[in-house]
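Me: I would like a close look at one part of this model, followed by a connected account of what surrounds it. Please take the charged pairs as the starting point and then move on to the polar residues inside.

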Amino acid sequence: LASSWVANTSGTLASTGFTNSSSLQISPNPAESVLHIQSEVALQQVVIYSSIGQALRYENVASTQLDLDISNLSKGIYFVQTTSVQGSTISKFIKK
């Protein structure tokens with residue numbers, strides 16, 4: 001079966017809707033009660049996901065910065081997806 005596989009290296013394995021995360025800052029990481037998100041462009045939506053991909057919180061925003069209260073989250077690893085007119089970025093953060 002493996003002898004019939006063909007490798008294609010001309011494409012990418014990512015969605016074109018994702019942006020470079022260098023324009024996004026998330027701090028502190030790890031965080032205890034508040035997660036500060038700063039972006040160079042206005043964010044439209046922020047979603048927090050658990051480590052198994054369950055959407056836990058949605059925030060519709062129209063700002064370049066946001067302070068999220070995460071005090072109700074259990075300790076662990078989470079992902080935050082930020083969406084702007086330029087696309088989406090997913091970043092990992094730790095709740096301690």
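Does glutamate 59 count as buried, partly exposed or exposed, and at what relative accessibility?

Reply: Glutamate 59 counts as partly exposed, at 23% relative accessibility; since the model is a predicted one, this value and those that follow describe the prediction. The cut-off for buried is under 20% relative accessible area, so at 23% glutamate 59 falls in the partly exposed class.

The side chain of glutamate 59 meets that of arginine 57 in a salt bridge, with 2.9 Å from N to O, and arginine 57 is likewise described as partly exposed, its relative accessible area being 26%. This pair belongs to a short list, because a search of the whole structure finds two salt bridges.

In the other pair, the side chains of lysine 96 and glutamate 32 meet at 3.9 Å, N to O. Lysine 96 lies in the segment after β5 (87–95), whereas glutamate 32 lies in the loop between β1 (24–27) and β2, so the pair ties together parts that are 64 residues apart in sequence. As for accessibility, lysine 96 counts as partly exposed at 46%, while glutamate 32, at 51%, counts as exposed.

Turning from the charged pairs to the polar residues, serine 39 lies in strand β2, which covers residues 34–49, and with a relative accessibility of 7% serine 39 counts as buried. The side chain of serine 39 reaches the backbone oxygen of valine 41 at 2.8 Å. When neighbours within four places in sequence are left aside, serine 39 is in contact with Ser23, Leu24 and Thr64.

Threonine 82 has its place in strand β4, residues 76–84, and is buried as well, having a relative accessible area of 3%. Once its neighbours within four places in sequence are set aside, the contacts of threonine 82 include Leu24, Ile37, Leu43, Gln45 and Val46, together with Gly87, Ser88 and Thr89. One of these partners, glutamine 45, is 37 residues away from threonine 82 in sequence, yet the C-alpha atoms of the two are 5.8 Å apart in space. Leu24 appears among the contacts of serine 39 and also among those of threonine 82, so that these two buried residues can be followed from one to the other through a shared partner.

Conventions: Residues numbered from 1 in each chain as written. Predicted model: local features only at pLDDT ≥ 70, side-chain atom pairs only at ≥ 80, totals over all residues. Heavy atoms only, no water. Helix = DSSP H or I, 4+ residues; strand = E, 2+ residues; numbered from the N terminus. Buried < 20%, exposed > 50% of the residue type's maximum accessible area, 1.4 Å probe, protein only. Contact = heavy atoms within 4.5 Å. Polar contact = N/O pair within 3.5 Å; in protein donor to acceptor, adjacent residues only side chain to side chain. Salt bridge = Lys/Arg side-chain N within 4 Å of Asp/Glu carboxyl O.
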